[in-house]
Amino acid sequence: MDSNIHASVLAGLVEGVVVIDCDGGLIQANAAASSILGVDLHALAAAGPWWESFSPRRTSDGSRLDVGRQVLSSGEAVCDVEVEVELCGTLKTLMLNYM
């Protein structure tokens with residue numbers, strides 16, 4: 001897909017899209033993701049280990065979230081994982097899809 005079309009599609013989505021590599025490095029995030037989370041993901045990534053802002057990563061039932069590792073090892077997508085994160089003193093519930 002042409003990179004301009006790809007960028008336009010991501011920019012037009014109301015859903016937040018965050019793409020990370022196996023080491024937690026931010027590859028891409030659209031503006032909707034930053035807006036939903038209430039943070040500038042690109043600025044966080046430039047500052048260092050950006051994912052620490054979202055720790056501890058837990059599901060809504062309080063269990064540890066290790067879905068990313070599961071998906072990377074199995075190659076099978078897991079969708080609609082409900083996760084609660086606290087950002088700037090506000091608790092947010094997110095639905096995550098791991099692919």
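**Exercise 1.** In this predicted model, work out where serine 34 lies and whether it counts as buried or exposed.

*Solution.* Start with the secondary structure: serine 34 belongs to helix 2, which covers residues 31-37. Next, check the accessibility. The cut-off for buried is under 20% relative accessible area. Serine 34 comes in at 15% relative accessibility, so it counts as buried. Finally, look at who touches it. Leaving out residues up to four places away in sequence, serine 34 is in touch with Val39, Asp40 and Leu41.

**Exercise 2.** Find the place of leucine 13 in the chain, classify its accessibility, and say which residues join it in a nonpolar surface patch.

*Solution.* Begin with the neighbouring elements: helix 1 (3-12) comes on one side and strand 1 (18-20) on the other, with leucine 13 in the loop between them. Now the class: partly exposed is the band between under 20% and over 50%. Leucine 13 has 30% relative accessibility and therefore counts as partly exposed. Last, the patch: Leu13 makes it together with Ile5 and Val9, and the nonpolar surface amounts to about 240 Å².

**Exercise 3.** Now zoom out: how many helices and strands does the protein chain have, and in what pattern do they follow along the sequence?

*Solution.* Count first: there are four helices and five strands. Then read along the sequence, which gives α-β-β-α-α-β-α-β-β. For burial, 23% of the 99 residues count as buried. For the surface, the chain exposes about 6,700 Å², with carbon and sulfur atoms supplying 54% of that. To finish, take the contacts between residues at least 6 apart in sequence: 25% of them join residues at least 24 apart.

Definitions and conventions: Residues are numbered from 1 along each chain as its sequence is written. This is a predicted model: local features need pLDDT of at least 70, side-chain atom pairs count only at pLDDT 80 or more; totals for chains, interfaces and linings use all residues. Side-chain values use heavy atoms; hydrogens and water are left out. Patches are made of residues with over 30% relative accessible area and no salt bridge: like charges are joined within 9 Å, nonpolar side chains (Val, Leu, Ile, Met, Phe, Trp, Tyr) within 5 Å. Accessible areas come from the Shrake-Rupley method with a 1.4 Å probe; for residues, only the protein chains shown count as cover. A salt bridge is a side-chain nitrogen of Lys or Arg within 4 Å of a carboxyl oxygen of Asp or Glu. Helices (H or I, at least four residues) and strands (E, at least two) are DSSP runs, numbered from the N terminus. Buried means under 20% relative accessible area, exposed over 50%, partly exposed in between (1.4 Å probe, protein chains only). Contact means heavy atoms within 4.5 Å.
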